[in-house]
Amino acid sequence: MAAVVTNRRVILKRYVQTGLPSEDDMEVVTAKTTLAVPAGSEAVMVKNLYVSCDPYMRGRMTRHEVPSYVPDYVPGEVITNCGVMKVVSSGHPDFKDGDLVWGVTGWEEYTLVNNPKPYLHKINYPEFPLSYYTGVLGIAGLTAYGGFFEVSKPKKGDYVFVSAASGAVGQIAGQLAKMTGCYVVGSAGSDEKVKLLKTKFGFHDAFNYKKELDLEGALKRCFPEGIDIYFDNVGGAMLDAVLPNMRIGGKITTCGMISQYNLERPDGVRNLFYFVSKSLRMEGFLVSNYIAIYHRYEKEMAGYLREGKVVYVEDIVEGLETAPAALIGLFTGRNVGKQLVAIAWE
């Protein structure tokens, strides 16, 4: 007889159309699950070790009349995102019991992954903290790498500005820019984070945007010669302030817009004419565009981590019951570094 175990899980209780979600919009419930996979299937049962908290999840908590690029969550069902897992039962020839993997999973103790390919990936560098596969060796890292090198297309000597620079993606994008020989400035929402940018991540300069009464002036102070590349994680007022400070032919890489996700009416941008007068280019992207280069990226980033060329900061909370608050904290800047939840220690 296959073992039956309790399975604590975080579900969405209701859609949140506008405003900041609350912990009460999610709920930790207890169910039961069988650890064995269905006979004859290629499914994989995993034990979840870490799950990731990411800003894009806010959009999945909203019911969209027109489908978004990623499916909405369903009230009453488990919340899903990327995580790090251990295989406990497998019907798939590529995965065996005990394998360490990362990929899409549930915010729960155990998840049955019915279609493990292409959603699960084996962990090839277990010498690093397993949690890194929710971040620098996973989707966040690939997002920074693909966005910066494939969209921004930097060259040595470029002036680069990164917003939300101490977050999961920003800290990597900034370090990659510095390795490329660019001059790098980041913005963050606290003095602690600004210090982190300059002392740990090696940014040339940084500022606390919450202390700046004039964002356009702050950027001019940091970039008297202007900005070649803006790696945008926030949108809104910061984007508007960047445009007058861009150099001729500058590029804006739109990775995210966390300042807009909880607004009923998104902020407008007033300085659009600079796209004409400065011949600017703005391009967004999805990390799924770069899944094909993941293994190349993983090998390259593992080398940077070994050599100390890239460092990574995580903010880890423990226990599924902490997950709702950790997710909401992303939108108030409570986290320092990549936010994730530890569910089990193998």
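## Helix H9

The buried residues of H9 (buried means under 20% relative accessible area, with a 1.4 Å probe and protein chains only) are Tyr294, Tyr297, Glu298, Met301, Ala302, Gly303, Tyr304 and Leu305. This is a predicted model, with local features needing pLDDT of at least 70, side-chain atom pairs counting only at pLDDT 80 or more, and totals for chains, interfaces and linings using all residues. Residues are numbered from 1 along each chain as its sequence is written, and side-chain values use heavy atoms, leaving out hydrogens and water.

H9 covers residues 294-307, a DSSP run of H or I with at least four residues. Its 14 residues reach 20 Å from first C-alpha to last, close to the 20 Å expected at 1.5 Å times one less than the number of residues. Right after H9 comes glycine 308, with a positive phi near 75°.

## What packs against it

Strands S5 (100-106) and S7 (120-122; a strand is a DSSP run of E, at least two residues) are among what covers the buried side of things, along with helices H3 (139-152) and H4 (170-179). Zooming in on methionine 301, and skipping neighbours within four places in sequence, its contacts (heavy atoms within 4.5 Å) are Val136, Leu137, Ile172, Leu176 and Val310.

## The core

Met301 also turns up in the largest nonpolar core, a set of 56 buried Ala, Val, Leu, Ile, Met, Phe, Trp, Tyr and Cys residues joined through side-chain atoms within 4.5 Å. Met301 is one of the members touching the most others, a group including Tyr133, Phe148 and Leu305. Domain 1 (4-135 + 314-342) and domain 2 (139-288) each supply at least three residues to this core; the bounds come from an automatic or database domain assignment.

Key: Buried means under 20% relative accessible area, exposed over 50%, partly exposed in between (1.4 Å probe, protein chains only).
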